[in-house]
Amino acid sequence: MKKDQHWSMPDLKEAQKRSKQQAAIEKSLFNIPPEVKNIGVGRKYYLRTYGCQANERDGETIAGILEQLSFEPVNTPEEADLILMNTCAIRKNAEDKVLGELGSLKRLRRKNPDLIYGLCGCMAQEEDVVNTIIEKYDHVDLVFGTHNIHRLPILLYQAMMAKERTIEVFSKEGEVIENLPVKRFGTHKAWVNIMYGCDKFCTYCIVPYTRGKERSRLPEDIMDEIHTLIAEGYKEVTLLGQNVNSYGKDLHIEGGFAYLLEEVAKTGIERIRFMTSHPWDFSDEMIDVIAKYDNIMPFIHLPVQSGNSEILKIMGRRYTAEEYMTLFNKLKAKVKNAAFSTDIIVGFPNETDEQFQDTLKLVDECQFDNAFTFIYSPRVGTPAAKMEDNIPMEVKEARLQELMKHTDHWSHIKNEAYKGKIVKVLVDGPSKKNPNVFSGHSETNKLINFKGENIQCGDIVDVLITETKSWSMDGELVKQ
Ligand code: 5AD
Ligand code: SF4
């Protein structure tokens with residue numbers, strides 16, 4: 001299919017640029033034109049979100065917009081008049097899955113000729129993906145990116161009513177938009193964006209291109225959102241950013257993330273979590289705040305990526321393995337009974353076996369509660385993708401298996417230490433398998449299944465741990 005001159009296509013080179021200008025904070029940019037207002041009446045949408053919490057939170061915005069347009073949600077694509085794939089670009093296998101699924105869903109149009117297919121999220125920000133969609137997926141009617149979600153009503157109108165194939169992706173991030181609707185998927189736990197984008201440019205990572213430059217929300221807007229959530233009965237907030245440690249730098253907010261975290265803690269909300277922290281700018285002030293407040297959960301996700309300083313250098317991570325260990329040990333000493341998780345990549349270009357062994361050594365030293373382990377995946381447009389990917393796939397896979405042996409071992413050991421202890425669990429609801437068993441998370445983010453009666457979703461209860469596994473624990477309610 002020929003490209004349409006009205007389309008705005010993604011451009012990774014443009015996306016890489018960083019302007020010095022502060023992003024404007026827009027409080028009334030989102031609006032629904034009158035002719036678009038009812039386009040969802042009698043229509044159903046199926047939204048599928050892949051990837052990280054930032055995407056999950058975008059999914060809540062997209063659902064909020066669609067429901068303001070009177071669309072109704074459904075749980076299967078077969079029932080839908082609009083299928084939207086909210087996608088992740090972090091690794092190639094995530095992308096292949098989405099494209100495969102989009103291909104197989106094409107058959108549904110035979111039954112429903114007015115069915116609209118849309119693709120959004122991080123994959124939409126990539127030139128090669130959008131070109132593939134144009135050339136090989138002609139049933140996809142609508143493509144929009146991470147910077148123009150607020151335009152969804154107009155774009156949908158174009159695709160549905162004017163029956164025009166609509167592709168609109170902005171490569172440059174724009175304003176911080178404050179008046180977007182939201183449909184929260186959780187009833188007692190909520191995601192709260194504190195900033196958007198990333199300026200770290202780790203050499204393997206596509207995120208700084210798909211999510212744009214770092215832009216913080218104003219503290220008062222974040223606090224307003226949190227006060228509203230508390231009034232609505234929410235018990236837990238997770239403050240979200242690609243690197244929350246950078247919060248407020250663009251706005252010159254004194255104290256940065258440490259200041260914000262303390263303000264949130266002072267509201268008295270039961271539980272506060274935050275994701276993700278880059279080891280490079282984890283400040284002492286932040287550590288002190290985490291240690292000081294009981295409602296900041298003692299669970300820290302601190303991606304290390306590699307245990308070898310040379311590899312860390314070519315990954316552009318800005319710290320050595322020794323510096324990581326110093327920070328890790330400081331956190332462990334100051335934040336009592338904290339649990340730690342991490343992200344690790346194996347098979348980065350030129351990684352030798354000795355360098356990989358350093359990763360295993362670091363894992364054994366840190367003894368993480370949990371680790372997310374990945375095989376390096378070259379991402380077009382990133383500096384690492386220009387390096388020769390010279391590690392054979394069998395070697396990468398063998399390294400991943402070996403690494404997982406170590407990380408699983410420590411997960412198991414860490415969990416075993418909970419046996420016989422009483423932990424506080426925020427209840428998510430009855431477990432999927434058994435309605436008499438409830439599941440929830442401990443303060444250290446452990447998944448806990450337990451038997452109990454008269455329990456509501458959102459309660460915080462004491463549970464005695466009776467059995468531990470690698471990924472979860474079993475327990476019994478302690479009667480108050
Ligand atoms: N290949 C493999 N893993 C990656 N990650 C980010 N980019 C890549 C890539 N190109 C991993 C990092 C990051 C996590 C979210 O995903 O470990 O912390
Ligand atoms: Fe990607 Fe690095 Fe930014 Fe994390 S800090 S989103 S790994 S560039």
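Start with the surface between domain 1 and domain 2 of this predicted model. Select residues 12-168 for domain 1 and 176-416 for domain 2. Together these two domains bury about 3700 Å² between them, with 58% of that area on carbon and sulfur atoms. On the domain 1 side, pick out Arg-18, Arg-57 and Glu-60: these residues lose the most area to domain 2, and together they make up 19% of what that side buries. The C-alpha centres of the two domains are 27 Å apart. A third domain, residues 422-477, can be coloured separately.

Now show the residues that touch. In domain 1, 44 residues are in contact with 42 residues of domain 2. Turn on side chains and look for charged pairs: the rule finds 6 salt bridges across the interface of domain 1 and domain 2. To see a salt bridge between Asp-199 and Arg-18, select both side chains; the N to O distance is 2.7 Å. Arg-18 is also among the residues of domain 1 that lose the most area to domain 2. Polar contacts across the interface of domain 1 and domain 2 number 21 residue pairs, both residues being at pLDDT 80 or more.

Which elements supply at least two residues each to the side of domain 1 that touches domain 2? Select helix 1 (12-16), strand 1 (25-26), helix 2 (53-68) and helix 3 (92-105). Helix 2 gives the largest share, 14 residues. Colour this side of domain 1 by residue type and it divides into 15 nonpolar, 15 polar and 14 charged residues.

Next, go to ligand 1. Its surrounding residues are Ile-90, Arg-91, Tyr-204, Gln-305, Asp-343, Ile-345, Phe-374, Ile-375, Tyr-376, Ser-377 and Arg-379. Three distances can be checked in the viewer:

- From a backbone N or O atom of Tyr-204 to a nitrogen atom of ligand 1: 3.0 Å.
- From an N or O atom in the side chain of Gln-305 to an oxygen atom of ligand 1: 2.7 Å.
- From a backbone N or O atom of Ser-377 to a nitrogen atom of ligand 1: 2.7 Å.

Stay at ligand 1 and select Phe-374, which is in strand 16 (residues 370-375). Leaving aside neighbours within four places in sequence, what is Phe-374 in contact with? The contacts are Arg-91, Asp-343, Ile-344, Ile-345, Val-346 and Leu-400. Of these, Arg-91, Asp-343 and Ile-345 are also listed around ligand 1. For a view across the model, draw a line from the C-alpha atom of Phe-374 to that of Leu-102: the two residues are 272 apart along the chain, and the atoms are separated by 24 Å.

Move on to ligand 2. The residues around it are Cys-198, Lys-200, Phe-201, Cys-202, Tyr-204, Cys-205, Val-207, Pro-208, Gln-242, His-278 and Arg-317. This shell divides into 7 nonpolar, 2 polar and 2 charged residues. Tyr-204 is listed around ligand 2 and also around ligand 1.

From there, select Met-275 and Thr-276 and look along the backbone. Is the peptide bond between Met-275 and Thr-276 cis or trans? The bond is cis, with omega near -10 degrees. Thr-276 sits in the loop between strand 13 (271-275) and helix 10 (284-292).

Return to domain 1 for the last stops. Lys-163 lies in the loop between helix 6 and strand 7. Phi of Lys-163 is near 50 degrees, a positive value in a residue other than glycine. Most residues other than glycine have a negative phi, and most peptide bonds are trans.

Finally, select Glu-168 and Arg-151. Their closest N and O atoms are 2.7 Å apart, in a salt bridge. Glu-168 belongs to strand 7 (residues 166-168), while Arg-151 is in the loop between strand 6 (140-144) and helix 6 (152-160), 17 residues away along the chain. The structure holds 35 salt bridges.

How values were computed
Residues are numbered from 1 along each chain as its sequence is written. Chains are lettered from A and ligands numbered from 1 in the order in which they are written. This is a predicted model: local features need pLDDT of at least 70, side-chain atom pairs count only at pLDDT 80 or more; totals for chains, interfaces and linings use all residues. Side-chain values use heavy atoms; hydrogens and water are left out. Domain bounds come from an automatic or database domain assignment. Contact means heavy atoms within 4.5 Å. Buried area is the accessible area (1.4 Å probe) that two parts lose on being put together, summed over both. A salt bridge is a side-chain nitrogen of Lys or Arg within 4 Å of a carboxyl oxygen of Asp or Glu. A polar contact is a pair of N or O atoms within 3.5 Å; within protein, one must be able to donate a hydrogen and the other to accept it, and residues adjacent in sequence count only if both atoms are side-chain atoms. Helices (H or I, at least four residues) and strands (E, at least two) are DSSP runs, numbered from the N terminus. Ala, Val, Leu, Ile, Met, Phe, Trp, Tyr, Cys and Pro count as nonpolar, Asp, Glu, Lys and Arg as charged, and the others, Gly among them, as polar. A residue is near a molecule or strand if one of its heavy atoms lies within 4 Å of it.
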